[in-house]
Amino acid sequence: MMSSKPNNSRNKTENGADSPEKAKGPFSIFSSQSLWLKLIIIGQMALLGFQLSPDISTNGDDAVYYILGKSLASGHGYRNLHIVNAQVATQYPVVFPAFLAITHFFTDKPLLAKILVMCMGCLVTLCAFYLFGNWLGQSACALALCLMIGASAVLNQHAIELLSEIPYVLLSLISLLLLEKSYKAPDKKWLFWLTIFVSILPMNCRSIGIAFSAAFLLTNLLQKKYKYVLAHFVVVVAAAILFKMLTSWDNPYLLQLFQRNSYDPEQGLASFAEMFTRITTNIGKYSLEILPQNSMPSIANHNQALSAILGLIMVFFIAVGCIRNFFLQSRFLSFYALFYCGILSMWQVQWSSGRFLAGILPPLFFLFFIGISWSIAVVFGDKKHAFISRIKTLSGPTLPAINKIAIICIWVVGLTFTLDATVFQLENAGLRKQSSRDWENFNACADWIRCNTPESAIVVSRKPELVFLRAKRQGMIYQFSHDAEKVIADIKQKKASYILFDGFYWTGTTGKYLYPALVGHPEMYRMVYALRNPDTFVLEIINK
Amino acid sequence: MKSINFKSDGFFFAALFIAWICIMYAIYFNHPYFPQPLPSELESYKAAAAAQSNH
């Protein structure tokens, strides 16, 4: 790879006209990286537009983010408006709802919020080009990397939903861009403080952003940039304390990290041996399944063996890239990837998915490319020197000039990943917009509640946030307890007036906790609305 | 390969994003977020449940 940085000014003559290079032939336009970057962004916009569904997805988290944005915009503070008594929110960091709050000033529909996140998805690709292009020092490779990021199925999937992954990736990339600029202009105090301010946002956008802050502190410490270490530490701690003082000192994520199963909290906390098993299981699952399935979804989803092989190859090159990158200007990403993946491996296995990988995917792709190009440089390097000697020679603080074999390999990899991910998205665009029968019935029950119950009705359901947006009624989730009397007492204590009994295929909690409680108390309710396949009911509570 | 010009490309991307936002907003502006509920199957459900209990 080249050590020089890309020149950010177009080649011009002294009078400002474009250089004669432009007039070489009809195909010279394709030598412009600007043109290719524009085409990548336009292509990503087309892919996103093709897949967009204006409805809030069934995920649940995006509905909560949207409601928290509404709470901020309407002056209610940071509250779960969908829950009875609108308790202060403690689980979700504030940055993404603050972005969404802006859209609530203009419209009460989620469309604008969805478009905002889609724009962020495209900005991720743009920022990745400038940041990684600067670090790679080779615009051709940076374009291949951008192509992979812009076409990534998992990143684009999260860019059409109201989830915090894409804003998180964008903030982390902007933060690193500003950090690079601030290093180069140490006299600009405004830039320094802007860098510090933006650098604390990833942690306040997603809790796993603690990995970003830890990498920020460690990298600056190693580079003896003590001013950045001190300022980031003070501001991040002050922001955390302020947020906790304004909301609550509870930390649900920390509890969930060590719970055996958050859907069955009575199982208690995991032991040391269980945590160890969880970590090893997650490493295997992310390496052999989730990483390949979210990088080359068409191929990896159809062939498990191929998925595992692809995963192993990717993990090998990412690991090589990560180690090599420790000695480069971009070493931040190596620490960051290590910390992030470390936390990811401790998360409950039932939640392990591409969603959590999305936050680190662009840096992983970057390390993947570093790993490929460096391995090729070592294998096909100067044959006069021994293999070990070549490794030592090529392990300096700058990357060696990228050779043609590496460029071809990187483009073959980039185009293969892009083609696969694009085909997958085009094939599955229709599926995303369709609801399964269980969700159709759940939504119809919410519509019935909106049309047939008083506005003050309180609804018990598995997804009170979605009921709030669809039925416009506050609600509560039933307790996850095997003690039926406890479940009933909680419903009575919160003065619920309706129960939406779902037939969800994806979870069994309603059958596990709510059904036994209702069977034991048939005098408590009457059925007022029912749908079949699967059985889904609205029950009115008559004996409060 | 010719590199990026922040000024002219910045204008291009700003215009592109604005145009894209307008197109997306126009396409989905009239999306029905709050449809009427499906007809209830309460009576047929009760009848089926009664028939099952008779057996």
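Two strands count as paired if DSSP finds at least two bridges between them. Keep that in mind for the strand close-ups below, and remember that this is a predicted model.

**Figure 1. The whole of chain A, as a starting point for the close-ups.** Chain A is built from 24 helices and five strands. It runs to 544 residues, and 43% of them count as buried. Take the contacts between residues at least 6 apart in sequence: 70% of these join residues at least 24 apart.

**Figure 2. The largest nonpolar core of chain A.** This core holds 148 residues, and Val124(A) and Leu145(A) are the ones that touch the most other members. Helix H4 (residues 111–136) of chain A chips in with 18 residues, the most of any contributor. Domain 1 (33–428) and domain 2 (437–541) of chain A each supply residues too, so the core lies between them. As a bit of background, nonpolar side chains in soluble globular proteins tend to be buried together.

**Figure 3. Who sits around Leu145(A).** Skip the neighbours within four places in sequence, and Leu145(A) still has plenty to show. Three phenylalanines with nearby numbers, Phe365(A), Phe366(A) and Phe369(A), are in contact with Leu145(A). So are Ala128(A), Phe132(A) and Gly414(A).

**Figure 4. Strand S3 of chain A and its partners.** Strand S3 (residues 498–501) runs antiparallel to strand S5 (residues 536–541), with four bridges joining the two. Look for Tyr498(A) opposite Glu540(A) in S5(A), and for Leu500(A) opposite Val538(A) in S5(A). Strand S1 (residues 459–460) of chain A also joins S3(A), this time running parallel and through two bridges. Here Tyr498(A) turns up again, as the bridge partner of Val459(A).

**Figure 5. The two faces of S3(A).** In a regular strand, side chains alternate between the two faces of the sheet. In S3(A), Tyr498(A) and Leu500(A) point one way, while Ile499(A) and Phe501(A) point the other way. Buried or exposed, these four residues of S3(A)? All of them are buried.

**Figure 6. The S4(A)–S5(A) hairpin.** Strand S4 (residues 525–531) of chain A pairs with S5(A) in the antiparallel sense, over six bridges. One pair to pick out is Ala530(A), which stands opposite Phe537(A) in S5(A). Four residues lie between the two strands of this hairpin. Check the backbone at Asn533(A) in the turn, where phi is positive at about 55 degrees.

Key
Residues numbered from 1 in each chain as written. Chains lettered and ligands numbered in written order. Predicted model: local features only at pLDDT ≥ 70, side-chain atom pairs only at ≥ 80, totals over all residues. Buried ≥ 20, exposed ≤ 12 C-beta atoms within 10 Å, placed from the backbone. Contact = placed C-beta atoms within 7 Å. Core = buried A, V, L, I, M, F, W, Y, C linked by C-beta atoms within 7 Å. Domains from an automatic or database assignment.
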